[in-house]
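Here is a short, friendly tour to read alongside the sequence and the 3D view. Please keep both open as you go.

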Amino acid sequence: MDVGELLKYQPDRGAKRPRGEEKGGSAGDDESRGVKHQKGHSARYREAASMGIEAGGKLLDRDDENRVKQAEPVDESSVKKMILTFEKRSYKNQELRIKFPDSPEKFMESELDLNDIIQEMHVIATIPDLYHLLVELHAVQSLLGLLSHENTDILKHVAIAVVDLLQELTDIDTLHESEEGAEVLIDALLEGQVVALLVQNMERLDETVKEEADGVHNTLAIVENMAEFRPGLCTEAAQQGLMQWLLKRIKAKMPFDANKLYSSEILAILLQNNDSTRELLGEMDGIDVLLQQLSVFKRHNPSTAEEQEMMENLFDALCSCLMLPANRERFLRGEGLQLMNLMLSAQSRSADSAPDLIDFSIWPAGWVLYLPIIMIYPNGIRKCKIKVYDPLYSLFSEHVCSIIASMLRNLKSQQRTRLHNKFTENDCEKVDRLMELYFKYLEGVQQADKRIEGEKHEMVRRGEILDDDMEDEFYLRRLDAGLFVLQLICYIMVEINNSGISQLQQRVHQILNLRGGSAKIVRHIMREYIESIGDGKSEEYKEAERKRVLDLVENF
């Protein structure tokens with residue numbers, strides 16, 4: 001038994017998110033991995049390992065003592081005593097390591113004592129009201145100091161024990177139990193540059209060793225906990241090396257595992273609603289990294305649900321990045337649109353999210369000029385392979401319609417003519433598909449409106465007041481029923497109706513009449529759409545765009 005194994009002897013507390021079993025991870029693999037790890041020890045640690053049997057017995061005795069201590073009631077006095085004991089043992093261990101750097105047997109006992117008290121301190125996570133004691137008695141500073149020690153096998157285990165403790169202390173449910181205690185703890189951790197220290201510690205860990213892979217997973221859990229409790233720290237965390245580490249971990253040529261999945265999730269969290277982190281990722285060539293990782297799925301579907309989740313995280317991260325104009329330029333230079341076209345053509349699972357990215361990349365006026373018109377229509381406006389009852393169907397339709405609407409809104413002269421001509425191909429099959437979508441979404445919205453009107457009538461009968469909050473809730477329910485997609489479809493209809501191509505105009509009205517539709521309903525939907533135009537834009541833009549669309553509606 002070596003020293004590392006002694007320090008690992010503790011109940012399995014698990015990670016915040018369960019980590020999947022390693023592929024082919026048999027007992028034999030674990031044994032061979034352990035032997036390989038032991039061979040890496042220096043001579044002085046092999047000498048210390050010879051004391052394993054005696055120390056192992058002591059460790060078992062300590063574990064029994066810990067169980068007795070944990071059964072005792074925990075109060076402020078006992079927590080203070082625990083923290084002071086930790087400080088003493090940490091100082092003693094540091095002193096012995098400095099005094100006997102080449103004689104590990106001299107400080108092995110203190111390593112075990114230090115590990116024991118760190119395990120005991122897990123009980124503090126049950127009383128977040130006392131977190132202020134960790135700060136006032138400088139325990140947070142000492143814990144962070146243990147993360148920054150030089151890279152040795154023994155101290156690596158101590159650092160993992162510290163990470164395990166911090167993960168439990170920062171559990172999001174625990175933090176919300178005492179906002180005041182949580183604020184004090186998070187402030188102290190950030191003041192001590194916790195993210196930078198955690199990243200440095202992860203750089204030293206070998207993920208082929210299960211305990212160290214768990215340490216990486218728990219480190220990511222700490223970041224997730226703090227980011228959820230205080231979203232504003234994402235920028236600081238990204239700048240302290242976390243963004244660079246995440247990109248490096250995602251593109252590492254390693255078998256897919258829980259840590260790669262978790263890394264993609266943390267990356268998406270850092271980029272959410274944060275222009276600073278989006279800009280940083282772009283400067284680190286992160287757009288190319290994300291495109292390279294997504295290119296794996298252009299012709300092949302994810303093999304597991306976890307791999308599917310990672311792919312969706314990468315799409316989310318890339319969509320978030322494209323909110324910045326500079327990143328959209330990087331996306332286009334990196335042939336991101338061509339990759340999305342390949343995904344659409346292959347009709348793999350990645351094709352479900354590809355329209356989302358295309359929608360974001362051509363969103364502002366002008367960027368649509370980079371989009372070859374041919375790339376959307378063979379796959380978008382025709383019947384896709386997503387079934388109508390699939391939850392992805394509505395999202396797919398929304399993005400495809402949004403892309404087409406953006407093109408109709410922004411293209412000029414010859415390119416606009418080419419776009420209109422696309423609707424005439426194959427006996428106007430795209431118009432037929434568009435009208436099919438119109439009646440599908442119209443039915444859904446009308447059913448939702450009927451239910452809402454019934455609820456309003458019932459509320460009035462009971463004498464209840466329809467306030468603004470209730471009206472907003474009803475409007476959100478209409479959006480969930482497909483109102484926004486219906487508005488986009490109607491916008492495309494009035495645009496092609498005003499294209500000057502009589503064949504398109506006749507086809508739209510012919511199908512409306514055959515299926516009992518009405519141009520009056522289309523105009524009503526478009527007038528409601530006009531009211532929402534220009535949110536976040538200048539008043540000049542609002543008025544000009546509303547007048548343009550209103551003219552299209554009047555000519556329908």
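## A helix checked against its expected span

How far apart are the end C-alpha atoms of helix H13 (residues 210-229), and what should its 20 residues span at 1.5 Å a residue? The expected span is 28 Å and the end C-alpha atoms are 29 Å apart, which agrees. Please bear in mind throughout that this is a predicted model.

H13 is also mostly covered, with 18 of its 20 residues buried.

## The chain as a whole

Stepping back, the chain has 29 helices and 0 strands. Of its 556 residues, 51% are buried. Among the contacts with a separation of 6 or more, 79% join residues 24 or more positions apart.

## Helix H8 and the loop before it

Another mostly covered element is helix H8 (residues 139-147), where 7 of the 9 residues are buried. Which residues of H8 are buried? They are Ala139, Val140, Ser142, Leu143, Leu144, Leu146 and Leu147.

His138 sits in the loop between helix H7 (131-136) and H8. Its backbone deserves a look in your viewer: the phi of His138 is near 65°, a positive value in a residue other than glycine.

## A positive phi within a helix

Asp427 is not a glycine either, yet it has a positive phi of about 55°. Here the setting is a helix, since Asp427 is found in H24 (residues 425-461). Is Asp427 buried or exposed? With a relative accessible area of 53%, Asp427 lies over the 50% cut-off and therefore counts as exposed.

## Where H26 meets H27

Now turn to helix H26 (residues 483-497) and helix H27 (residues 502-514), whose axes are 8 Å apart and which pack at an angle of about 135°. An angle of about 135° falls between the 115 degrees that ends the roughly perpendicular range and the 145 degrees above which helices count as roughly antiparallel, so H26 and H27 are oblique to each other.

On the H26 side, the residues in the contact are Met493, Ile496 and Asn497; on the H27 side they are Leu504, Gln505, Val508 and His509. Sorted by type, the residues of this contact are 4 nonpolar, 3 polar and no charged.

## Glu279 and its distant neighbours

Glu279 belongs to helix H16 (residues 275-283). At a relative accessible area of 42%, Glu279 is partly exposed, because that class lies between the 20% and 50% cut-offs.

Which residues does Glu279 touch, leaving aside those up to four places away in sequence? They are Leu324 and Asn327. For another view of the same part of the chain, Leu322 is 43 residues from Glu279 along the sequence, and the C-alpha atoms of the two are separated by 9.9 Å.

## Cysteines without disulfides

A disulfide is a covalent bond between the sulfur atoms of two cysteines. How many disulfides does the model have? The count comes to 0 disulfides, with sulfur atoms within 2.5 Å as the criterion. Cys319 is in no disulfide, and the nearest cysteine sulfur, that of Cys321, is 9.3 Å away.

Cys319 has a relative accessibility of 6% and therefore counts as buried, the limit being under 20%. Cys234 is buried too, with a relative accessible area of 5%.

How values were computed:
Residues are numbered from 1 along each chain as its sequence is written. This is a predicted model: local features need pLDDT of at least 70, side-chain atom pairs count only at pLDDT 80 or more; totals for chains, interfaces and linings use all residues. Side-chain values use heavy atoms; hydrogens and water are left out. Axes are lines fitted to C-alpha atoms, for helices over the stretch in contact, and angles run from 0 to 180 degrees between N-to-C directions. Helices (H or I, at least four residues) and strands (E, at least two) are DSSP runs, numbered from the N terminus. Angles under 35 degrees count as roughly parallel, over 145 as roughly antiparallel, 65 to 115 as roughly perpendicular and the rest as oblique. Contact means heavy atoms within 4.5 Å. Ala, Val, Leu, Ile, Met, Phe, Trp, Tyr, Cys and Pro count as nonpolar, Asp, Glu, Lys and Arg as charged, and the others, Gly among them, as polar. Buried means under 20% relative accessible area, exposed over 50%, partly exposed in between (1.4 Å probe, protein chains only). The expected span of a helix is 1.5 Å times one less than its number of residues.
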